[in-house]
Amino acid sequence: QKISPKLIEHIIVDNLSTDNTKNIVESYIKKAPYEVTYIREKDFGRYNAMNKGIKKASGKYLSFMNAGDKYYDETSLTTVLKNAEDKDIVYGNLNAINHDNSNIYIPPDTLDFKYFLNSALPHQASIIKKTLFDKYGLYDEKLQISADHNFFLKTIIKHNCTYKHVNSTIAT
C-alpha cells in the first residue's frame, strides 16, 4: 500500500549545485504526483539546509534525506508511517553501504543515555513530528556533524518524547 500523493510534500534544498541538479529537479517537479518545493540558494551546511526545509514543511511528520540517501524500497515510508501510532519519533533500520559492502544497522527498541553515548539514530531512517521542532527548536547549526544526534538526545532523553522502533529497513 502506497501513501496517497495528496499526503506528501517534497522539499528539495539545493546549495546552488554546479552539476545538473537544477535541470533534474525541474524535470522531476513537472512529473511528480505530489507537491514539490525547490529551494535553490546558498546555505551554510547540512543542518542549515534541513532547517530551511523544516520551516517550509506543513506535514505532521518530517523525513530527511541527504545526497546519496534513499528509501530502501517503495514501501519503506508507508511502513514506518502506518506503524507510527502517533509517536513523536519513529525510527527503523538503516542499510549502511560502505565501499563494496552493506550492513543493516538495527537500532534498539529502548533508547537511553547509554545508547546515545555510543551510537546515534539514523535520521535517514527516522520520521519526526514537526511539532517537536516548534517546541524544542531547530537543528543547532553550530554542530556541523551531530545536530541530529543532539536533537534526538534533547527530545528523547531530556524531554521524554515518545518514540517507537519499527523493525524494518527504511533507508539506504
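**Overall fold and salt bridges of the chain**

Of the 172 residues in the chain, 38% are buried, where buried means under 20% relative accessible area, exposed means over 50%, and partly exposed lies in between (1.4 Å probe, protein chains only). The model is a predicted one, in which local features need pLDDT of at least 70 and side-chain atom pairs count only at pLDDT 80 or more, while totals for chains, interfaces and linings use all residues. Residues are numbered from 1 along each chain as its sequence is written, and side-chain values use heavy atoms, with hydrogens and water left out.

The chain contains six helices and seven strands; these are DSSP runs numbered from the N terminus, with at least four residues for a helix (H or I) and at least two for a strand (E). Their order along the sequence is β-α-β-α-β-α-β-β-α-β-α-α-β. The C-alpha trace spans about 45 × 40 × 35 Å along its principal axes. Among contacts with a separation of 6 or more, 72% come from residues 24 or more positions apart, a contact being heavy atoms within 4.5 Å.

Turning to charge, side chains of opposite charge can pair when their charged atoms come close. A salt bridge is a side-chain nitrogen of Lys or Arg within 4 Å of a carboxyl oxygen of Asp or Glu, and the chain has seven salt bridges by this rule.

One of these joins Lys 52 and Glu 41, with 2.9 Å from N to O. Lys 52 sits in helix α2 (residues 46–56) and Glu 41 in the loop between β2 (35–40) and α2, so this pair ties together parts that are 11 residues apart in sequence. Lys 52 counts as buried at 15% relative accessibility, whereas Glu 41, at 38%, is partly exposed.

Another pair is Lys 60 and Asp 86, whose closest N and O atoms are 2.5 Å apart. Because Lys 60 lies in the loop between α2 and β3 (61–62) and Asp 86 in the loop between α3 (76–82) and β4 (89–98), the salt bridge ties together parts that are 26 residues apart in sequence. Asp 86 is partly exposed, at 45% relative accessibility.

A further salt bridge links Asp 134 to Lys 130, with 3.6 Å between the closest N and O atoms. Both residues belong to helix α5 (residues 130–136), where they are four residues apart, about one turn of the helix. Asp 134 is exposed at 57%, while Lys 130 is buried at 14%. Finally, Lys 60, Asp 86, Asp 88 and Lys 129 are joined into one network by salt bridges that share partners.
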